[in-house]
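Colleague: I have some questions about how the labels on this model were assigned. Please give me the value and the cut-off each time.

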Amino acid sequence: RALCEAGPVVLFDTAGRRACGHFLCSSCAAELSLQSGNCRCPVCRQPFQPPAQRPPDPREDPAAWFAFFDDSGAGYLDRQLLERVLPAVVPVDATKLEASLRGSLWSEWDPAGEGRVSRKAFCAERGLLRWLAEHLEELQEEQEKGPPPPLEEDREGWFRHWASTGTKEMGKAEVLRAVLKSC
C-alpha cells in the first residue's frame, strides 16, 4: 500500500524537531510507539518521541502544511525535499514526478527560478497548492469508490468505475490508466 493511502506520518524528537527525513505509515508508527520507551526509526535508527504526527491537509490549512515541511522556517521548500515528500503524501509515481519536475512543472512552482518554492509561489494560481489539492482530491475519490470489480466478471461495472461520471466512453489515456491500475 502507498503511504498516502494509509496516512503517512513523520517522526519528531523530544525537542519537537523532525527526528529524520523518513515517512512511515501511521499504523507502523503506532506499533513502534507501543514498543519499549526507546523508539527508533526503522530506516535510520534515529530515536523519536511518540506519537508520530500526520502532515496537515493542505486543502484545509495550506500555511500549516507548508510550515510542517519547512523545517528551517526559512519560508521555502526546496526541490529535493519535495521530491521526497510528494510521493509520500499524494498518489504519484516518484519517477514520473521527477520527470515532470524536469519538464515544465517545476517552472510553474518556482517561477523565480531559485530552485525552491516560496510561500507566495506555493499559493499561486498554478502553484504547488493547486497541484496538491487536485491529487489529494483524486486520492479521496478513489478511496470513496473502493476497488473496481474484476474486469473478467463485470465489464460494465469495471467501465463505470473508471469512466468519468456521466460519460459513455473513455479516451486512450483513461483506458490505459484503468488497465494499469487494475493489474
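Colleague: What makes Cys28 partly exposed?

Modeller: The model is predicted, and in it Cys28 has a relative accessible area of 39%. Buried means under 20% and exposed over 50%, so a value in between is called partly exposed.

Colleague: Why is Cys20 counted as buried?

Modeller: Its relative accessibility is 11%, and the cut-off for buried is under 20%.

Colleague: How do you know that Cys20 has no bond to Cys41?

Modeller: The sulfur of Cys41 is the closest cysteine sulfur to that of Cys20, at 3.7 Å, which is too far for a bond. A disulfide needs the two sulfur atoms within 2.5 Å. The structure holds zero disulfides.

Colleague: How many aromatic pairs are there, and why is the one between Trp65 and Phe122 called stacked?

Modeller: There are eight aromatic pairs. In the pair of Trp65 and Phe122, the centres are 5.6 Å apart and the planes are at 5°. Centres within 6.5 Å make a pair, and planes under 30 degrees apart make it stacked.

Colleague: What does that pair tie together?

Modeller: Trp65 is in helix H3 and Phe122 in helix H7, so the pair ties together parts that are 57 residues apart in sequence.

Colleague: What makes the pair of Phe66 and Phe122 edge-to-face?

Modeller: The angle between the planes is 65°, and over 60 counts as edge-to-face. Their centres are 5.3 Å apart.

Colleague: Why are Phe66 and Phe122 called buried?

Modeller: Phe66 has a relative accessible area of 2% and Phe122 one of 1%; the label requires under 20%.

Technical notes. Residues are numbered from 1 along each chain as its sequence is written. This is a predicted model: local features need pLDDT of at least 70, side-chain atom pairs count only at pLDDT 80 or more; totals for chains, interfaces and linings use all residues. Side-chain values use heavy atoms; hydrogens and water are left out. Buried means under 20% relative accessible area, exposed over 50%, partly exposed in between (1.4 Å probe, protein chains only). Rings of Phe, Tyr and Trp (its six-membered ring) pair if their centres lie within 6.5 Å; planes under 30 degrees apart count as stacked, over 60 as edge-to-face and the rest as tilted. Helices (H or I, at least four residues) and strands (E, at least two) are DSSP runs, numbered from the N terminus.
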